[in-house]
Structures are given as structure tokens and as C-alpha cells.
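Dear colleague,

I am handing over the structure we spoke about, and I would be glad if you could look through it alongside the notes below.

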Amino acid sequence: IPELAYLFLRKYVDNYEKKVISIDNDTITLLSHYNWPGNVRELENCISRAVIMEQGKSLSPKSLPDEITQNQKFAAGNDIPIMPLADIEQLMIKKALHKTNGNKAKAASLLGIDNSTLWRKMKRWK
């Protein structure tokens, strides 16, 4: 992932005439631990967007899409209290619904579950 990220960085810095010259270590860590369901094409699009968004000379985590940075907060276990899995699941569903303004189909997609699964879980919690 780091090698591809730097390859795409050089490509898009030239394309967009930006002055970004490196990628932060935290950013490399986030990129390396992300699942990349869209494979290399998704990584390339991510770097392209990050180069456009970045204001400094180094790609920082703030220039990455939310799905990469938020996913890694949980993967790394950063300051997450231990709680029952059902409570975490309910919290994430509420957060997804809030982020999608109550759109259940979008929330289910954001969570990576079927619409019917989301409906079942919501019915269980009333």
C-alpha cells in the first residue's frame, strides 16, 4: 500500500500542480490497515482526492475520506471503552442513521449490511 500510495501521490501532485511532497506516518498507517474493497482503483481515487484536499506539504489523515479514518479508530482500539457488542452495534446504527439523515438504505450501505438486517436490528431495539 505505501508504495502504491507514493506512486499515486507523485502522479496527482503533477496533475493538480500541488506542492505535497510526502505522506504522514499516521496516514500511511491508516491506508495500510484499511480493507480497500475497491482495490487499487479505490486507493488511487483516495490519494487523488487527498492531494486535492491537502493544504500542507504532507498528506495528513484529515485529507482522507471519513470511511478510512473512522474505520481505523475502531481497528486501532483508540480510547474505546469496553462494552457489550450489542451496545456498540446499536451505537453505530444510530450514528449511521444520523449521518444519512435517517435514510435507512444509505445507513445499511454505510454499515455494510443488507436493508433487511438493519430493519431487523432496529425492530429488536424498538
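What follows is a short account of the cores, the aromatic pairs and a surface patch.

Please keep in mind throughout that this is a predicted model.

I begin with the interior. The largest nonpolar core holds 20 residues, of which L9, L31, I47 and L59 touch the most other members; the elements that contribute two or more residues to this core are α1, α2 (25-33) and α3 (39-53). If residues up to four places away in sequence are set aside, L59 is in contact with L9, V20, S22, I23, D24, T27, I47, A50, V51 and E54. Another core lies apart from the largest one and has 6 residues, including I93, L97, A107 and L118. In soluble globular proteins, nonpolar side chains tend to be buried together.

The aromatic pairs come to 2 in count. Y12 and Y16 make a stacked pair, with 5.6 Å from centre to centre and 20 degrees between the planes; both residues belong to helix α1, where they stand 4 residues apart, about one turn of the helix. Y12 is buried, at a relative accessible area of 10%, whereas Y16 is partly exposed, at 34%. The ring centres of Y34 and W36 are 4.6 Å apart and their planes meet at 80 degrees, so this pair counts as edge-to-face; Y34 and W36 are both buried.

On the surface, L4, L7 and V40 form a nonpolar patch with about 220 Å² of accessible area together. L4 is placed in helix α1 (residues 2-16), and its relative accessibility of 30% makes L4 partly exposed.

With best wishes

How values were computed:
Residues numbered from 1 in each chain as written. Predicted model: local features only at pLDDT ≥ 70, side-chain atom pairs only at ≥ 80, totals over all residues. Heavy atoms only, no water. Patch = residues over 30% accessible without salt bridge, like charges linked within 9 Å, V, L, I, M, F, W, Y side chains within 5 Å. Areas by Shrake-Rupley, 256 points an atom, 1.4 Å probe, with all protein chains shown as cover. Salt bridge = Lys/Arg side-chain N within 4 Å of Asp/Glu carboxyl O. Buried < 20%, exposed > 50% of the residue type's maximum accessible area, 1.4 Å probe, protein only. Core = buried A, V, L, I, M, F, W, Y, C linked by side-chain atoms within 4.5 Å. Contact = heavy atoms within 4.5 Å. Phe/Tyr/Trp six-rings, centres within 6.5 Å; stacked < 30°, edge-to-face > 60°.
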